[in-house]
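Subject: Structure for you, with notes on its empty spaces

Hello,

Here is the structure I promised to pass on. Please open it alongside this email.

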Amino acid sequence: MISTKHSLLGFFLIFFGSSSVFAQFGYYEDALRFSQFRSTGSARIIGLGGAQMSLGGDISNIHTNPAGLGFFRRSEFSFSPSFGTWNTEANYLGQIQDDRTGNFSIPNLSLVISNPRQGALNTSAFKGGSFGISFNRMNHFNTQFGYFSDIEGDVSIIDFFLQQANGIPESQIENFGLTGLAYQTFLINPITRDQNGNPISNPTQYDSFVLGFPFQDETVTSEGRISQTSVSYGANFLNKFFVGAGLGLSSVIYNQRKNYREEFFDEPLLNSTINERLSMSGFGANINLGVIFKPVDQLNLGVNFQSPTWYTFNEEYEARMVNNFDNFFFEEENITLGTEEAQTPITIGNYNLNTPLRLSGGATLFIGKSGFISADIDYLDYSKSRINSRDFNAGADNQQIRSLFGQTINYRVGGEFRFDIWRLRGGYGLYGDPFVNSDFDRKTQQFSGGFGVRLKAMYFDFALSSTNFRQLYNSFPVEEGGFNIGPFTEIRNNITTGTMTFGFNF
């Protein structure tokens, strides 16, 4: 069933070199999904493009650089509702499908209790500090993409099942997930006789009586988020040195549903449908340390260390396959095939994930009372993520992490202009591609802007951000000559979000 026509994309991607749905191991994808860093926080910080590592006195310091809490002189409470849309444009075989998902949330809720020690009577180096606690949504996964093709594909998922099945004894194959379902529903069948016509006991090779090329369509729907509750303290020494530390407690919810379908003409098989459901929940912890130094009043220099997040995950997976045959008489089994269906039992698993640490630095230059310019840089090495489990051998996944992912540098820059009680902001962020040795560009760009107003006892900020990145999605891998020639879909993502922050000083 493998066509002699090959997508050019397939030639430069090595096997398992992109997102793969049906791989026997795929936890390396979770390692990236739950490790990628995006700067988040209040509407003020979002409007600045996420630049905040050296900018003290913002509630976002609680979960980013806690040293900034030392700048507070008053206590503060704030909350930040937001609404956005996640637009996807999927390109499969030159055919475009657009999807849009709306998202409403309150991604930030924060409280700072300040205890400054100012005045002529305070001659010690310690000038007080602030305690902060916040709930912050670090990332979300609420999106949908898919494709519907009226062009025959070059390969069928049957090719994948045949490659996975070969070498597995017939007595065991029903235990092999989707490949087992393909066997149970006659999509693939054991070769029961050798070249001389002699019966084979417990065969390990398979073939299929479905030989044509299919029309394919697929829909992938995801939802969930990573949230973090942070508890931090920042101290002020001599109004020059600000140090802070914090503890982050992260929770993850992730759900994904996939519907994959192939349709055939002039074949015994009319169509085949696969439905998959994956549900995951996790909990993790990390440590956050930071320093901000003011060599002169016009300049802040900040450094931040974010430890790995040590996660533990529980997951639930199940799949169902339905094959509609055209009343095909399968002679070897002496059966007429119509609608054949099977499903896996619900599989429950547990594993641990350690994400990479992050080192960040930043500088803020104040231009009198007219505003400031702030810039950040981050260093991460995604190849340092590690998975371990008592339920499965994570060696293959950790090898994939080391070979697929690498070091990245992120950049953010933003500015604020001040006029009386009004604030005007703009910013830009560039997040590096975590993949190595790939010709497909997966970097993320974020453009943002916003405004705010400052009153004596309260403030209001608004930010609008646009985040753009590309993905390469592989519905299933088929190996030929060391290359993955399975169907690839390019997905262009745009996330547009409006965020408001209401803050109250006391």
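Below are notes on the cavities and on one pocket. Keep in mind that this is a predicted model.

**Cavities**

There are two cavities of 30 Å³ or more. The largest has a volume of about 330 Å³. It is lined by 22 residues. Closest to its centre are S35, F37, M138, T309 and R358. Two strands, β4 (126-140) and β8 (215-237), each supply at least two residues of this lining. By class, the lining of the largest cavity has 13 polar residues, seven nonpolar and two charged.

The second largest cavity has a volume of about 30 Å³. Its lining consists of Q36, R38, Y382, T408, N410, Y431, G432 and P434. Four of these residues are polar, three are nonpolar and one is charged.

**Second largest pocket**

This pocket holds about 730 Å³ of space. Its lining has 25 residues, and R44, G56, G57, F71 and R418 are the closest to the centre. The elements that give two or more residues to this lining are β18 (407-419) and β21 (458-474). Which classes make up the lining of the second largest pocket? Twelve residues are charged, seven are nonpolar and six are polar.

**Where to look**

For the largest cavity, start from S35 and F37, which are among the residues closest to its centre. For the second largest pocket, start from R44 and R418, which are among those closest to its centre.

Best wishes

How values were computed:
Residues are numbered from 1 along each chain as its sequence is written. This is a predicted model: local features need pLDDT of at least 70, side-chain atom pairs count only at pLDDT 80 or more; totals for chains, interfaces and linings use all residues. Side-chain values use heavy atoms; hydrogens and water are left out. On a 1 Å grid over the protein atoms alone, a cavity is a set of points where a 1.4 Å probe fits but cannot get out, and a pocket is an open set with protein on both sides within 12 Å along at least five of seven lines; lining residues have an atom within 4 Å of a point. Grid points are joined across faces, edges and corners, and a volume is the space filled by probe spheres set on the points. Helices (H or I, at least four residues) and strands (E, at least two) are DSSP runs, numbered from the N terminus. Ala, Val, Leu, Ile, Met, Phe, Trp, Tyr, Cys and Pro count as nonpolar, Asp, Glu, Lys and Arg as charged, and the others, Gly among them, as polar.
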